[in-house]
Every structure is written in C-alpha cells, then in structure tokens.
Amino acid sequence: MYQVVRNKKYDFIGQSYASVYPNLHKYPATMLPQIGIEVLKELNVRSGVLLDPYCGSGSSFASGLECGITEMHGFDINPLAVLISKVRFTKISVKELAATKIIFRNDVYEFLKDEKNIETLKRPQITNIDFWFSKEVINHLTVIKHFIDKIFDENIRRFFLIPFSETVRECSYTRNNEFKLFRMKSEDLLHFNPDVISVYLKKLEDTIVLYNYFYFPKLSEATHVNVQYSTFKPKDEYFDVVLTSPPYGDSRTTVAYGQFSTLSNEWLGIDYARKIDGMLMGGIKPKQNIENGLIADYISEINKIDSKRALEVSAFYNDLDNSIQKVAKSIRKGGKSVYVVGNRTVKNVQLPTDQFIAEKFEQNGFKHLITYERALSNKAMPSKNSPTNVAGKTVNTMLYEYVVICEKV
C-alpha cells in the first residue's frame, strides 16, 4: 500500500470555494482551489506548463494562476464546463462588457414592447421543453438567447452565456438544490412565476462584478489558458505539472455532470446533451471485470453481490487507467502529477481510488511521493447515497479526500 498521511493543513475548515476564486457558474464537485495552491507551493512549482485532463469549471487553473503559472491546458467533454473555464480565464475588457450590457438590455426591452416580435423567433429544440419550462419562460429565454447570439465579439458573447445558463436552471421547473434532473412538486409549480429578464440581468451584473474583482486583475497578457472541448490528447513530455480532480466514479452513479448540465447544454445548442453522462469515464461497460492490480480484489467483492455493478466499476477504472497512461507519457522527466480524489463506496465496499492512481503512475515511470488525506467538508456533492440500492438505506458518501502526489523519474 502507498503511504497516506493525514494532513489537516489541507482541510481548509471554514473556507469555501469563494474564499479565493468564486465560481462564475455553479458546477458539481469542484475542487477547492486552495488545495491546488497549497500543493503547488509545497512542490515549489511556480512556472512551467500545467495540465488538467478533466478540467471541469477550471479550479486547477485558479490554483495555477495564483502560483504564477502562465501556460495551462485543460480538456473536458462537457460543453458547459468548457464554457465556464474559457470565460473565467479569458481576459475581457470590463468596460466593453458594461457597454455591451447596456446595449443588450435596451435591445431586449425594445423588442419586448411588441408581443408579436416573439412569434418571429424560432422555438428552441429542448427535450420535453413544456415539462421543464412555462410558456412565458420559454419565450423570454428565447429572446435573451437571440440577442446574445447577435453579440459580435466571441469572448463577450461567451461571457453573456454564463448568466444565461444559470438563468435557464433557476427559471426552469427543476429543483435547484439538486444536481440531477428532478422536477418541482406540483404544489410548488403553482407559485412559480420567475421574471426571467430581471433574473438574467441581475445575474449578468453579478457575473461582471465577480469577474472584475477576482479574475480581471490576475489575467495578464502573458496568461494563456487553453481549454479544449475533447478528451485529453497526449503530448509527449510537454507538461511540467498535472493538477486535477478526476471524477470519483462513473457519472451515472456518482456525480451526474451530464444531468446537471443537460438543460443548459440544450439551450446552448448541444444536440447530444442527454448523452454526455454515457460519454464520460465508465460510460461503456466492458465484457469482464478487472482481474489484475490492487483494485481487482475490491471489484471481486462487489461482483459477489452484484455482477452488473462490478462491471460498471471495472469500466470506470479501465478508463482511468487508460487516461493515466496518456497523462504519464505527456509529463516531462522530473514533472509532478497531483490527483485530488475521493474513495467512493459501492455495495458497502470502499474503493481505494487513491491507491489505484498511485499504482498506475508507478507502472508508467513515476515514483509515488506522498498521499495526503484531508477532511471533506466543503465540496458541493451528495452527502449520502445508497451503495446497496436498498430503498431508504443510505450511508455517508465520503468523509475524506486524498491528494496523490507522484514524480516522473
């Protein structure tokens, strides 16, 4: 077993994501930037090229930026995640944002003076749209999207899509405290009548303020954050450090990134939005379970209880293994890999993902330096789940997170 040390320094008790870099858009299971900042400082990484192969909304870039790293690369196959990361780490003139906001607001209100104008706009292709939105909300969201699409500057247009995505979720019939798609109770629908235009304009103003205060001053002309909408593409011995928090398991049964993003992605024009969870790690089941390495015994225990779940778990670790092989070959000699992970429980079997990652990196030319255990008290994800799938029987999903640090030798 690879050494694990309980390190309270990484607990960051009482601190939230917003303590350093408030996110411009809600996103599930985001890594606390403070973790990355602390570990990069500990490893004395203050320059070079940073990689996050599963970048999500960009926590690792916030950490790298704070430590002086100016070239960073990220990959993700969720279009909403890529949008959030691009907007957060692209330098945009705040004066131009404010000027565009005024023009945008005036154009929207002028357009809405004549109700017949809405009839000229094409109805968006959203699955079960009337189940998730009222007619008035659909109309006003369509108007907002119409005028966002007319913004000429691509960076500003993307920026305006961030509060639009948040407005889509807030003004839909979804239960907003859930990451999965659940509709409000019928009695709650009777009193739900959001002012879509006001909600959007308020979110737009708040987003501009946060960007101006937290991001704009830290983004220099030398800062290059390249976020690609794809799976990670290996680049031989190019990166100096990898800082990432990969999914803890397959998206369908752990954190449903795809479900959380579905309505936003559909409004953004992504026609396969409902297939994203199946495209993420562990989305395709193998024909047989993993039989080698330290994870094999744990999967064997699950298989005794539920063979289907064992194959789903094997699928995830197969994909994680393949990804680590690509990442490992892309890091320069002497470079570091930092993976922040949780050890999920399936069928009452706790899976040692931290040990699996250390093992796989060592199999690919790395030396495991240390794994830190930190208390998990500030991550937005389900606090309980049902690993046995018995109705009403739940357990704590995770109490600790692990910072796995390896070096290429």
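Contact here means heavy atoms within 4.5 Å. Please keep that in mind, as I will use the word throughout. The model on the screen is predicted.

I will start with the inside of the protein. Which residues touch the most other members of the largest nonpolar core? They are Phe133 and Phe160, in a core of 89 residues. Helix H9, residues 196-215, gives the most to this core, with nine residues. As background, nonpolar side chains tend to be buried together in soluble globular proteins.

Now look at Phe133. Setting aside residues up to four places away in sequence, Phe133 touches Ile126, Ile138, Leu141, Val168, Cys171, Ser172, Tyr173, Leu263 and Trp267. Apart from the largest core lies another one, of 37 residues. Its members include Tyr54, Val313, Tyr317 and Ile324.

Next, helix packing. Two packed helices are described by the angle between their axes and the distance between the axes. I have two pairs, and helix H7 is in both.

The first pair is helix H3, residues 79-88, with helix H7, residues 154-170. Their axes come within 9 Å and cross at roughly 125°. Angles of 65 to 115 degrees would count as roughly perpendicular, and those over 145 as roughly antiparallel. The angle of roughly 125° fits neither range, so H3 and H7 are oblique to each other. The crossing of H3 past H7 is left-handed. On the H3 side, the contact is made by Leu80, Leu83, Ile84, Lys86 and Val87. On the H7 side, Arg158, Phe159, Leu161, Ile162 and Ser165 take part. By class, that contact has seven nonpolar residues, one polar and two charged.

The second pair is H7 with helix H10, residues 257-267. Here the axes are 9 Å apart, and the packing angle is about 120°. That angle makes H7 oblique to H10. This time the crossing is right-handed. From H7, the contact uses Phe164, Ser165, Val168 and Arg169. From H10, it uses Phe260, Leu263, Ser264 and Trp267. Sorted by class, these residues are five nonpolar, two polar and one charged. You may recall some of the names: Val168, Leu263 and Trp267 were on the list of residues that Phe133 touches.

Now the backbone. Most residues other than glycine have a negative phi. I have two residues with a positive one. Phi of Phe12 is near 50°, and phi of Ala29 is near 55°. Where are they? Phe12 lies in the loop between strand S1, residues 4-6, and helix H1, residues 33-42. Ala29 is also in the loop between S1 and H1.

Are Phe12 and Ala29 buried or exposed? The cut-off for buried is under 20% relative accessible area. Phe12 has 12% relative accessibility, so Phe12 counts as buried. Ala29 has 11%, so Ala29 counts as buried too.

My last stop is Val225, in strand S4, residues 224-229. The relative accessible area of Val225 is 17%, so this residue is buried as well. What is Val225 in contact with, leaving aside its neighbours within four places in sequence? The partners are Phe61, Met72 and Phe89. There is also one distance to note. Val225 and Gly365 are 140 residues apart along the chain, and their C-alpha atoms are separated by 27 Å.

To finish, back to where I began: Phe133 and Phe160 touch the most other members of the largest nonpolar core. I will stop there and take questions.

Conventions
Residues are numbered from 1 along each chain as its sequence is written. This is a predicted model: local features need pLDDT of at least 70, side-chain atom pairs count only at pLDDT 80 or more; totals for chains, interfaces and linings use all residues. Side-chain values use heavy atoms; hydrogens and water are left out. Helices (H or I, at least four residues) and strands (E, at least two) are DSSP runs, numbered from the N terminus. Buried means under 20% relative accessible area, exposed over 50%, partly exposed in between (1.4 Å probe, protein chains only). Axes are lines fitted to C-alpha atoms, for helices over the stretch in contact, and angles run from 0 to 180 degrees between N-to-C directions. Angles under 35 degrees count as roughly parallel, over 145 as roughly antiparallel, 65 to 115 as roughly perpendicular and the rest as oblique. A crossing is left-handed if the near helix is turned anticlockwise from the far one by less than a right angle, and right-handed if clockwise. Ala, Val, Leu, Ile, Met, Phe, Trp, Tyr, Cys and Pro count as nonpolar, Asp, Glu, Lys and Arg as charged, and the others, Gly among them, as polar. A nonpolar core is a set of buried Ala, Val, Leu, Ile, Met, Phe, Trp, Tyr and Cys residues joined through side-chain atoms within 4.5 Å.
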